[in-house]
Amino acid sequence: MKIKSLEIKGFAALAPMAGVADRAMREICMKHGAAFCVGELTSSRGITLGDKKSASLLYCGEKERPVASQIFGNDPEIMADAAKKTLEYRPDFIDINMGCPAPKVAGNGGGSALMKNPDLAESIVRAVVKAVNLPVTVKMRTGWDGEHINAPELAERCEAAGAAAITVHGRTRMQMYAPGIDYETIARVKRAVNIPVIANGDVKDGESARYMYSATGCDFLMIGRAAQGNPFVFEEINAALSGREYRRPTLEQRFEALFEQVSLMQKYKGEHIAMLESRKHTAWYLGGICGAAKLRRECGEITCFSDIRRICQKALEQNADM
Ligand SMILES: Cc1cc2nc3c(=O)[nH]c(=O)nc-3n(C[C@H](O)[C@H](O)[C@H](O)COP(=O)(O)O)c2cc1C
């Protein structure tokens, strides 16, 4: 399956997750079978103003390809200019954010607020497509709220403006992350356009992946929270959808993945930030094990790599049967 000229292998992509799916996590997820990945949302204004923090989010490494840079904003010219500037960091495609519910994004008319303004959304896609010679994709929700479910119509307009694929998170902006996915609207998006549709929301294992495919007819899946502390979820989904048997990783294998991820964080972000951020990642890797609650509290105290090793060693001793 292709997204324009980009050959995509596999079934499920890693979702963009600000503050979580950094370069280290993206590399680990690609290593474990993610089909492609999308970088953390980055302000188009920040990029055009040369903000260093924005630039640091854009770097695309060779081991995380195909990878998109995701940009947000509310102005077609600034979005087009930002898209051009991201090329310096060599993304394989550009993703436009039309799903972020956060007030600092949607409150300024960007992210999910673009779903309330389809004319502006369409001109942004048109401007970005014109500005770069890369596939441009759009990630949206089902609509702003239950009374305004417009993803199928907006997806059609994005396609007409040149979008190469559409990701739909099966919730409205007002639902934020409330339980329940609107599979039917994702299916309607798939019927409305001829470009690939990527279905997103609550896919967490082989069974939910199969369900998302059959309920929506989508072309790819996108996985967010289920990949936190579990890059193996992509192997599980690939196995389930190819009819192959899947063997869960041992606890040792899980911790090896954690160590590798943290080493990459140290390399890309420096010791201090890597250690602070490794606290939440280590806690996620402890998911589903005996004694996790106490060990998770210890994660809040991590200041060096040996703290992480010590916590994992304790987890192994308490879970010798896993
Ligand atoms: C911590 C966090 C950060 C997120 N950041 C972004 C982002 O930068 N851009 C975006 O389009 N979506 C973002 N999302 C939404 C996810 O990409 C995804 O649509 C959502 O989590 C639903 O998928 P899931 O049920 O597989 O987690 C974020 C979600 C989480 C939990």
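## The second largest pocket

In this predicted model, helices α11 and α12 each contribute at least two residues to the lining of the second largest pocket. That pocket has a volume of about 460 Å³, and its lining is made up of 20 residues, among which Asn 230, Glu 236, Arg 248, Arg 254 and Gly 287 lie nearest its centre. Sorted by class, the lining of this pocket holds eight nonpolar, six polar and six charged residues.

## Helix α14 and what covers it

Helices α11 (251–269) and α12 (271–285) also appear in the surroundings of α14, since what covers the buried residues of α14 includes these two helices together with α13 (292–299). The buried residues of α14 are Phe 305, Asp 307, Ile 308, Ile 311, Cys 312 and Ala 315. Viewed down the axis of α14, these buried residues fall within an arc of 160 degrees, and they therefore line one face of the helix. The general geometry of an α-helix is relevant here, because with 3.6 residues a turn, residues three or four places apart point the same way.

The length of α14 can be checked as well: the helix covers residues 305–318, and at 1.5 Å a residue its 14 residues should span 20 Å, which agrees with the 20 Å that separates its end C-alpha atoms.

## The largest cavity

Searching the whole structure gives two cavities of 30 Å³ or more. The largest cavity encloses about 40 Å³ of space, and the residues that line it are Ile 3, Phe 36, Val 38, Phe 93, Asp 95, Thr 137, Thr 167, Ile 198 and Met 222. By class, the lining of the largest cavity divides into six nonpolar residues, two polar residues and one charged residue.

## The second largest cavity

The second largest cavity has a volume of about 30 Å³, and its lining consists of Arg 26, Gly 39, Glu 40, Thr 42, Leu 57, Leu 58, Cys 60, Val 67, Ala 68, Ser 69 and Gln 70. Two elements, helix α3 (52–58) and strand β6 (67–72), give two or more residues to this lining, and the largest share, four residues, comes from β6. In the lining of the second largest cavity, five residues are nonpolar, four are polar and two are charged.

Terms used: Residues numbered from 1 in each chain as written. Predicted model: local features only at pLDDT ≥ 70, side-chain atom pairs only at ≥ 80, totals over all residues. Heavy atoms only, no water. Expected span 1.5 Å × (residues − 1). Buried < 20%, exposed > 50% of the residue type's maximum accessible area, 1.4 Å probe, protein only. Arc of directions from axis to C-beta. Contact = heavy atoms within 4.5 Å. 1 Å grid on protein atoms, 1.4 Å probe; cavity = no way out; pocket = protein on both sides within 12 Å on 5 of 7 lines; lining within 4 Å. Points joined across faces, edges and corners; volume = space filled by probe spheres on them. Nonpolar A, V, L, I, M, F, W, Y, C, P; charged D, E, K, R; others polar.
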